[in-house]
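This report examines one protein chain through its helices, charged pairs and surface. Please keep the sequence and the structure in view while reading.

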Amino acid sequence: MADTMIRGMAANKQVRFFACNSTDTVEKARITHHTSPVVTNALGRLLTGGVLMGAMCKNDTDKLTLRIQCQGPISGMLVTADANGHVKGYVSEPEVMLPANDVAKAVDLGVLSVIKDIGLKEPYVGDTHLVSGEIAEDLTYYFATSDQIPSSVALGVLFNDDTSVANAGGFIIQLMPFTPDEVVDRLEKKITEIDSVTQMLDRGLTPEQILEEILGDFGLEITDTTETRFHCDCSKERVSRALSTLSKKDLDSIIADGESIEVKCQFCNKAYEFSVEELKELRK
Ligand code: ZN
C-alpha cells in the first residue's frame, strides 16, 4: 500500500488535523542514505513531520524545509516537502550507533529552522531552539512559539528485526483561534488518554483509524487524501548550479586535474558526471 496523508477538520472546524502513514517514505530514505536505526528513526520522524507540514503549504509550488543543526552525533538533518506529498531529506552523519529509540541523545541540543519558500525573493525562516531533540516535541514548540498555534504533534518509526522500517507515521492536530475552552479541555484530556502514535502504528492502525481514535467524538471530517512518497526532483542542471557556487579557484583546481568528476545529489545520492569541458563552461 502506498503511503497516504489525510487532512480535515473536527469540532465544527475549530480543530484541524493532518495524519499520514510514511512507512515506504522512511524505508526509501533508509536505503538511500544507509542509515543506522537511530538515524532512520530521527530522519524518519523529521520526514514525517515534513510531509504533514508540507500539506500546510497554500500553493502547489510552495516548499517547506525543516533543518536541524545540532550538537548530537547526527550533527544535522534537512527535509524538504511540498503540498503534493513529495518529501526528500538527508542527514549529516548517517551511521550513528545508538539504540534505535535514543533519538534525543543522537540529536541533543540545537536549532530547528522552518523555512517556507513561497516564491518570494527571500524565504521565511523561523528558528527555534530544540526542546528535547525528540522531533515531535520540537515541532510542537515551534508551532507554539513561532506560529502561536497550540498543536499536538506525534511522530513514530517502528523497525523489523533486520532494521528495515516496519511502520512509520504521525499526526498534527491544531486548534484554530477562538476554539472554546470546553473543546480545548476535552481534546487535551483525550490526548492524555490515548495510546502513543508508535503503539497505534504497531497495532496496524491507518491514519484514518488513528484520527478516529483521537477525534472520533469531535465530529471528524476528512477533506483530503493524498498519496505521499520520498521523491527527489534533482537534475543535472540543478546539480550544476550547486557546482557553479564553488569558487573559481576550486573549479580551476578540478579542471587542472584534467578528469571528469562525479557529483552526487545530497538528497537521493544520484550521481551526475561532469566532463572537463562542462566544468570549463561552468567556470565562465
Ligand atoms: Zn536527487
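The sections below treat a helix, one of its residues, the salt bridges, a surface patch and the cysteines of a predicted model.

## Helix H1 and its cover

Helix H1 is mostly covered, with eight of its eleven residues buried. The buried residues are Thr 23, Thr 25, Val 26, Glu 27, Ala 29, Arg 30, Thr 32 and His 33. Several elements contribute to covering them, including helix H2 and the strands E2 (15-21), E5 (86-91), E8 (151-159), E9 (165-175) and E11 (229-230). Just after H1, His 34 adopts a positive phi of about 50°.

## His 33 and its surroundings

His 33 belongs to helix H1, which spans residues 23-33. Is His 33 buried or exposed? Its relative accessibility is 9%, so His 33 counts as buried, because the limit for a buried residue is under 20%.

Which residues does His 33 touch, if those up to four places away in sequence are not counted? They are Leu 43, Gly 89, Tyr 90, Pro 94, Phe 230, Gln 266, Phe 267 and Asn 269. With Gly 89 there is also a polar approach: the side chain of His 33 reaches the backbone oxygen of Gly 89 at 2.7 Å.

## Salt bridges between separate parts of the chain

The model contains 18 salt bridges. One of them joins Arg 45 and Glu 134, whose closest N and O atoms are 2.8 Å apart. Arg 45 lies in helix H2 (residues 37-54), whereas Glu 134 lies in the loop between strand E7 (124-129) and helix H4 (136-145), so this pair ties together parts that are 89 residues apart in sequence. The two partners can also be described by their accessibility. Arg 45 has a relative accessibility of 9% and therefore counts as buried; Glu 134, at 26%, counts as partly exposed.

A salt bridge also forms between Lys 190 and Asp 217, with 3.6 Å between the closest N and O atoms. This pair links distant parts of the chain, as Lys 190 is in helix H5 and Asp 217 is in the loop between helix H7 (207-215) and strand E10 (221-227), 27 residues apart. Asp 217 has a relative accessibility of 56% and so counts as exposed.

## A pair within one helix, and a network

Where do Lys 189 and Glu 193 lie? Both are in helix H5 (residues 181-193), four residues apart, which is about one turn of the helix. Their side chains meet in a salt bridge, with an N to O distance of 2.9 Å. Glu 193 counts as partly exposed because its relative accessibility is 49%, and the exposed class requires over 50%.

Salt bridges can also be joined into a network. Lys 88, Asp 233 and Arg 238 are linked in this way.

## A nonpolar surface patch

Ile 118, Leu 120 and Tyr 124 make a nonpolar patch of about 300 Å² on the surface. Leu 120 is found in the loop between strand E6 (110-117) and strand E7. At 47% relative accessibility, Leu 120 counts as partly exposed.

## Cysteines

How many disulfides does a search of the whole structure find? The search finds zero. The accessibility of two cysteines may be added here. Cys 70 has a relative accessibility of 13% and therefore counts as buried. Cys 265, at 7%, likewise counts as buried.

Methods
Residues numbered from 1 in each chain as written. Predicted model: local features only at pLDDT ≥ 70, side-chain atom pairs only at ≥ 80, totals over all residues. Heavy atoms only, no water. Helix = DSSP H or I, 4+ residues; strand = E, 2+ residues; numbered from the N terminus. Buried < 20%, exposed > 50% of the residue type's maximum accessible area, 1.4 Å probe, protein only. Polar contact = N/O pair within 3.5 Å; in protein donor to acceptor, adjacent residues only side chain to side chain. Contact = heavy atoms within 4.5 Å. Salt bridge = Lys/Arg side-chain N within 4 Å of Asp/Glu carboxyl O. Patch = residues over 30% accessible without salt bridge, like charges linked within 9 Å, V, L, I, M, F, W, Y side chains within 5 Å. Areas by Shrake-Rupley, 256 points an atom, 1.4 Å probe, with all protein chains shown as cover. Disulfide = S-S within 2.5 Å.
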